[in-house]
Structures are given as C-alpha cells and as structure tokens.
Amino acid sequence: MFSKTNIEQKLRNYRSKRIDENSIMDEVYRIFSNNEIERSQIVSRLQEKSKEQENSFSFNSLDGKRIYHIEDIKKLCINYRLRFLDSHYFKGDFPEEAISEIRNLEKEHNTKLKNFKIVAPAKLLKLENADDPLLFAPMGNDYFYLIHKWGNDLHPFRKLLMWPYKSFENIVFTVVVISILLTILAPINMLTSNPSIGLYIFLAFYIFTALGGIVIFYGFSKGKNFNGAIWNSKYYNA
C-alpha cells in the first residue's frame, strides 16, 4: 500500500534544499530587522520637519486618481474647515497601513519620500497658539500625491455646518436668517394684542444686533477667523 503524503514534510524538504534551518532564522531576523528600521525611518520623516520641498516620482508608475492640485485641496479645506499642514503637526499615531503604503511607493518609485503634508481637522493637529486625515507627498508645481486616508469619514452635515465660517458675507447672512426665524417664532402676541410691522422690524433688528454682538465677541475672544484664512495656518487661534 502507498503511504499518504505529508505536505508539511514535503514543504520542509523543499526549504531544506534552499537553506538550512539555522540559516533560515538568520535570514528571517535580518529581513524583519530591516523592515523595522525602514518603518522607523519613515515614522521619523513623518514626524520631523523637512527642508526638502518636493519628491521625485517615476512618471510611469503614478496613479492619476491620486494626484491633486493645491487649489483642489484648498477648496476642500475651506468648505469643510480643515487644515493642510506639514505632517509633523499631526498629534495622532500614523496607522501601519499608511507606513506600509509609503514603503510600497518608495520601492515602486525608487525614492525616499519626505516633506509629507496632511489634511485634517484642527483638533487632530498640534497647532501653535497665535476625523479624517489625508496624507500627501508634494510633487512640485503645486501638485500633491495622495498616499493614504484613514479614520472615519466626516459628518455628512459638516460642509453645511461650516458654511457660515467661509466668509464675512456668509456669517452675516446666517445671522440675518436666524434673526428672522427667531422673530417669527417670538410670542409678540403676549406683548400686544395688535402687533404692527414696525414692531416686528424693531424686534428683528434687536435680535440681529444681539446675535451679531455674540458672534463678534466669540470671534474676537477666541481669535477665530474665516475658513479661507486658516486652511493652511499652523496657529490654533486662527
């Protein structure tokens, strides 16, 4: 009778023909040590400020879907009140997937990536006092290559909620609309049995003045600014 084939033993035989058991441990240790060194170097480059301004990519290996111009990034940041800053301002931990993606890109393009940029909400960045990161590497001529995205997606209403902060005109329009709504909801009939148009206008103006004062006080006290002025600012109170 023929004996059954032990595939693990066959696999071990194939390996022994290529390398002995003592050498395999040295090989594995060397590979893992090199991998750990490479990953540590990548993390260091992510966390340190770089003097380099751009990276050298292999044109034939580029993915057009991952190339973005500075104007596209600026528009995204303004609409959703995000920041676009050097990666060393990021105060979270870079995920292993992002490190692996950088390693893959470096091998594919035969280069060492540097001067990383990141798009994220201000709360995720270590900003100087005066939910969804995107990691980029600059290509030159105001173009950036998207390396990796992680974390949760932004709230579906974030763009709408951040719309008033886009510009001075937007915040004034928002205060006017809220003032009108509050005037409509105000129980004027409790004050007079025959409210006139003039009374409604006076109340709307009063509410508008009060809301405007609150907005101005909050803005000045917190040092806040509009989205178009802070999208690439490294200052927290911008």
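The legends below walk through several close-up views of a predicted model.

Residues are numbered from 1 along each chain as its sequence is written. Because the model is predicted, local features need pLDDT of at least 70 and side-chain atom pairs count only at pLDDT 80 or more, while totals for chains, interfaces and linings use all residues, and side-chain values use heavy atoms, with hydrogens and water left out.

**View 1. Strand S4 pairs with strands S3 and S5.** Helices (H or I, at least four residues) and strands (E, at least two) are DSSP runs, numbered from the N terminus; two strands pair if DSSP finds at least two bridges between them. S3 (residues 117-120) runs antiparallel to S4, joined by three bridges, and here Lys117 stands opposite Phe136. S5 (residues 143-149) is also antiparallel to S4, with six bridges; Ala137 has Tyr145 as its bridge partner there. Two residues separate S4 and S5 in their hairpin, and Asn141 in the turn has a positive phi of about 55°. Of the seven residues in S4 (134-140), six are buried, that is, under 20% relative accessible area (exposed is over 50%, partly exposed in between; 1.4 Å probe, protein chains only).

**View 2. Leu135 sits in the largest nonpolar core.** Such a core is a set of buried Ala, Val, Leu, Ile, Met, Phe, Trp, Tyr and Cys residues joined through side-chain atoms within 4.5 Å. This one has 22 residues, and Leu46, Phe94, Ile102, Leu135 and Ile147 have the most contacts inside it. Helix H2 (21-47), helix H4 (96-109), S3, S4 and S5 each give two or more residues, with H4 giving the most, four. Contact means heavy atoms within 4.5 Å; not counting residues up to four places away in sequence, Leu135 touches residues including Leu46, Ser87, Phe94 and Trp150.

**View 3. Helix H3 has five buried residues listed here: Ile70, Ile73, Cys77, Ile78 and Asn79.** H3 covers residues 70-80. Just after H3 comes Arg81, with a positive phi near 50°.

**View 4. A nonpolar patch lies on the surface.** Patches are made of residues with over 30% relative accessible area and no salt bridge, with like charges joined within 9 Å and nonpolar side chains (Val, Leu, Ile, Met, Phe, Trp, Tyr) within 5 Å. A salt bridge is a side-chain nitrogen of Lys or Arg within 4 Å of a carboxyl oxygen of Asp or Glu. Among the patch members are Trp163, Phe173, Leu181 and Phe208, and together the patch has about 980 Å² of accessible area (Shrake-Rupley method, 1.4 Å probe; for residues, only the protein chains shown count as cover). Helix H6 gives the largest share, seven residues. Leu181, found in H6, is partly exposed at 47% relative accessible area.
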